[in-house]
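Me: I'm new to this structure and would love a close look at a single part of it, with a friendly guide to what surrounds that part.

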Amino acid sequence: MIEKTRISTPAGTFDALASGDEGGREVLLLHGFPQSSLEWEQQLRVLGGGGCRAVAPDQRGYSPGVRPEHVSDYRLDELVGDVAAIADELGWRRFDLVGHDWGAIVAWAAAAAMPERIRTLTAVSVPHPAAFEHARATDEDQHERSRYITTFRQAGSAEKTLLADDADKLRRIYDWKVPEDHVEHYLERFTQPGALTAALNWYRAMDLHGDVGKIEVPTLMVWSTEDNAIGSAGVLATEQHVSGPYRLEIIEDVSHWIPDEAPEQLCRVLIEHLLAHRS
C-alpha cells in the first residue's frame, strides 16, 4: 500500500509517497524531470512489499512547500543537502539511494559527498556526472542528444514553448512510454504557477554545480538502449568513476522512462543489488 506523507526540513516541507513498514530497510528514491515521486509507483509497491521502507519525495521545486525563486537555490549541493535533511527527518542513519534522470545526478553527488550514509547507490539512465559531462563535450552523439538542455535553460521562453498548445511539447517528452494517468498528473502540477520554472531551474543552475568525486559505495547503473537523451559513451565510461563494487545493467529496446516502461526488469535488478549488499 502506498501512502502520502510530508517531510519537514529546514528548507521546507516535501511531499512524498511511501510504502512498507516502519523499521524496514530504508530506501530513498529520487525522481527526474519532468516527473514526480509518482514515477516510482511500481517500485514503491515492490519494495514496500519486500521488507523495505521506501520513500519517494517530490524534490526541491516540485514540492510546493520547497520552491525557492532563485536559480542559485537549485545548485547540486543544495539538492544533496535536501537528501541528507530528508534522511535526518526520517531518522535514517544509513539508507539505499535510487535515482532516475536528474534524480540520478543528485544520487551520484550524494553518494560521493556522504558515502558513510549511503548503503548502496542505484543510478537509472544517467551516468556519473563527470562521465556525462565529458561525453557531452567530446562525443558527437551525446552532444546532439543534449541539445534540448540549451532550450530548457532559456528563462521564460522554455516555459512558453513547453506549455503552448495544451502543453503539446511537454507531452511529447514522455514519448508515449509513460502511463497517461501519470502524464496528466505531471501536467496538472507543471501548470501551477511557478512549478515548471522551478523544475527548469535545475538545468539553469548547471553552471553552478561543483565536481562529483569517485563513488566508493556499491553501485548499480541501469541504462536502456532506446534512450533518446543519454547515449552509451558516458554510461560505458562511468566505471572509471566508481571505486566500489560496480554493476552495469543494460535493458534492450526500452526508452529513457525505465521505471514506467520496464518496471519488472528494474525491480528485479534493484532487488538483486540490495540483497547483494545487506550491510
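In which loop does Ser125 lie?

Reply: Happy to help! Please keep in mind that this is a predicted model. Ser125 lies in the loop that runs between strand E6 and helix H4 (129–138). Its backbone is worth a look, since the phi of Ser125 is near 85 degrees, a positive value in a residue other than glycine. Most residues other than glycine have a negative phi, and most peptide bonds are trans. The second half of that statement brings up another loop: the peptide bond from Phe33 to Pro34 is cis, with omega near -5 degrees. Pro34 sits in the loop between E3 and helix H1 (41–49).

Now step back from Ser125 to strand E6, which spans residues 118–124. Strand E5, residues 95–100, pairs with E6 in the parallel sense, and five bridges join the two. One place to find this pairing is Phe95, whose bridge partner in E6 is Ile118.

Both strands belong to an open sheet of eight strands with mixed pairing, in the order E1-E2-E4-E3-E5-E6-E7-E8. At the edges stand strand E1 (2–9) and strand E8 (246–251); each has a single partner strand, so one side of each is left without a neighbour in the sheet. On average, neighbouring strands of this sheet are turned by 20 degrees against each other, direction ignored.

Strand E5 also takes part in a link through side chains. Asp96 forms a salt bridge with Arg25, and their closest N and O atoms are 2.7 Å apart. This pair links distant parts of the chain, with Arg25 in strand E3 and Asp96 in strand E5, 71 residues apart. Side chains of opposite charge can pair when their charged atoms come close. The structure holds 26 salt bridges.

A helix lies over this part of the sheet too. Helix H2 (residues 76–90) lies across E1, strand E2 (12–19), strand E3 (25–30), strand E4 (52–57) and E5, and runs at about 110 degrees to E1. H2 also meets helix H3 (residues 102–113): their axes come within 9 Å and cross at roughly 75 degrees. That angle makes H2 roughly perpendicular to H3. On the H2 side the contact is made by Leu76, Leu79, Val80 and Val83, and on the H3 side by Ile105, Val106, Ala109, Ala110 and Ala113. The residues of this contact divide into nine nonpolar, no polar and no charged.

For another view of helix packing, turn to helix H7 (residues 157–173). H7 packs with helix H9 (residues 195–204) at an angle of about 125 degrees, their axes 10 Å apart. H7 is therefore oblique to H9, and their crossing is right-handed. Ala158, Glu159, Leu162 and Leu163 of H7 make the contact with Leu196, Thr197, Leu200 and Arg204 of H9. By class, these are five nonpolar, one polar and two charged residues.

H7 also packs with helix H8 (residues 180–190), at an angle of about 125 degrees and with axes 11 Å apart. These two helices are therefore oblique to each other, and H7 passes H8 in a right-handed crossing. Here Leu163, Ala167, Leu170 and Arg171 in H7 meet Glu180, Val183, Glu184, Leu187 and Phe190 in H8. The contact of H7 with H8 has six nonpolar, no polar and three charged residues.

Technical notes. Residues are numbered from 1 along each chain as its sequence is written. This is a predicted model: local features need pLDDT of at least 70, side-chain atom pairs count only at pLDDT 80 or more; totals for chains, interfaces and linings use all residues. Side-chain values use heavy atoms; hydrogens and water are left out. Two strands pair if DSSP finds at least two bridges between them. Helices (H or I, at least four residues) and strands (E, at least two) are DSSP runs, numbered from the N terminus. Axes are lines fitted to C-alpha atoms, for helices over the stretch in contact, and angles run from 0 to 180 degrees between N-to-C directions. Contact means heavy atoms within 4.5 Å. Angles under 35 degrees count as roughly parallel, over 145 as roughly antiparallel, 65 to 115 as roughly perpendicular and the rest as oblique. A crossing is left-handed if the near helix is turned anticlockwise from the far one by less than a right angle, and right-handed if clockwise. Ala, Val, Leu, Ile, Met, Phe, Trp, Tyr, Cys and Pro count as nonpolar, Asp, Glu, Lys and Arg as charged, and the others, Gly among them, as polar. A salt bridge is a side-chain nitrogen of Lys or Arg within 4 Å of a carboxyl oxygen of Asp or Glu.
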